[in-house]
Amino acid sequence: MDLLRPYLIPLTHSLPLPLVRLGHSLLGPACYTQLLLHLDIRPSSPCFSLAVSKLLGLGIIALASVVKVPQILKLARARSAAGVSVLACALETAAYLVTLAYSARQGFPFTSYGETALIAVQDLVVCALVVG
């Protein structure tokens with residue numbers, strides 16, 4: 001990392017303001033400064049653990065955005081919902097919505113429950129295709 005530091009520091013110090021704000025909101029000002037401005041990336045650091053946790057959460061959210069897409073496409077192409085239970089679909093959607101409401105009400109960070117929101121929306125689409 002020391003070999004790359006002279007090349008990376010000018011890049012990290014000239015990030016566009018929206019990316020700086022995003023970094024501050026995800027990591028907090030202290031960890032943003034430590035990790036991105038000083039490039040102090042030690043695995044034993046609490047900021048490193050926070051960054052890994054946030055990146056994993058964002059990765060899970062990104063992947064959750066396509067979880068139900070194959071089922072949605074199959075139902076749309078077949079124009080049939082044979083074999084898909086309306087009750088099961090409704091219960092699954094209700095479970096996601098309850099989990100989503102609880103997590104939001106408790107003030108959990110979105111990176112810890114964001115995938116629930118995306119899957120719930122996709123589940124609503126599946127239910128609409130099953131019912132319709």
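Student: What makes Phe-110 and Tyr-113 separated by about one helical turn?

Tutor: In this predicted model, Phe-110 and Tyr-113 both belong to helix 7, residues 110–131. They are three residues apart in that helix, and therefore about one helical turn separates them.

Student: Why is Phe-110 called partly exposed?

Tutor: Its relative accessibility is 46%. Partly exposed covers the range between the buried limit, under 20%, and the exposed limit, over 50%, so Phe-110 counts as partly exposed.

Student: And Tyr-113, buried or exposed?

Tutor: Tyr-113 has 11% relative accessibility. Buried means under 20%, so Tyr-113 counts as buried.

Student: How many aromatic pairs does the structure hold?

Tutor: There are two aromatic pairs. One of them joins Tyr-102 and Phe-108, with 6.1 Å centre to centre and 70 degrees between the planes.

Student: Why is the pair of Tyr-102 and Phe-108 called edge-to-face?

Tutor: Two values matter, because a pair of aromatic rings is described by the distance of the centres and the angle of the planes. Ring centres must lie within 6.5 Å to pair, and planes over 60 degrees apart count as edge-to-face. At 6.1 Å and 70 degrees, Tyr-102 and Phe-108 satisfy both conditions.

Student: How exposed are Tyr-102 and Phe-108?

Tutor: Tyr-102 has a relative accessible area of 49%, so it is partly exposed. Phe-108, with 37%, is partly exposed too.

Student: What makes Phe-110 and Tyr-113 an edge-to-face pair?

Tutor: Their ring centres lie 5.4 Å apart, and the angle between the planes is 75 degrees. The limits are within 6.5 Å for the centres and over 60 degrees for edge-to-face, so the pair qualifies.

Student: How do you know that Ser-103 is buried?

Tutor: Ser-103 has a relative accessible area of 7%. The cut-off for buried is under 20%, so the label follows.

Student: Where does Ser-103 lie, and which residues is it in contact with beyond its neighbours within four places in sequence?

Tutor: Ser-103 is part of helix 6, residues 86–106. With those neighbours left aside, Ser-103 contacts Phe-108 and Tyr-113.

Student: What is the radius of gyration of the protein, set against that of a compact globule?

Tutor: The protein has 20 Å, whereas a compact globule of 132 residues would have a value near 14 Å. The C-alpha trace spans about 60 × 35 × 25 Å along its principal axes.

Student: How many helices and strands are there in the protein?

Tutor: The protein has seven helices and zero strands. Read along the sequence, the pattern is α-α-α-α-α-α-α.

Terms used:
Residues are numbered from 1 along each chain as its sequence is written. This is a predicted model: local features need pLDDT of at least 70, side-chain atom pairs count only at pLDDT 80 or more; totals for chains, interfaces and linings use all residues. Side-chain values use heavy atoms; hydrogens and water are left out. Helices (H or I, at least four residues) and strands (E, at least two) are DSSP runs, numbered from the N terminus. Buried means under 20% relative accessible area, exposed over 50%, partly exposed in between (1.4 Å probe, protein chains only). Contact means heavy atoms within 4.5 Å. Rings of Phe, Tyr and Trp (its six-membered ring) pair if their centres lie within 6.5 Å; planes under 30 degrees apart count as stacked, over 60 as edge-to-face and the rest as tilted. The radius of gyration is taken over C-alpha atoms; the globule rule is 2.2 Å times the number of residues to the power 0.38.
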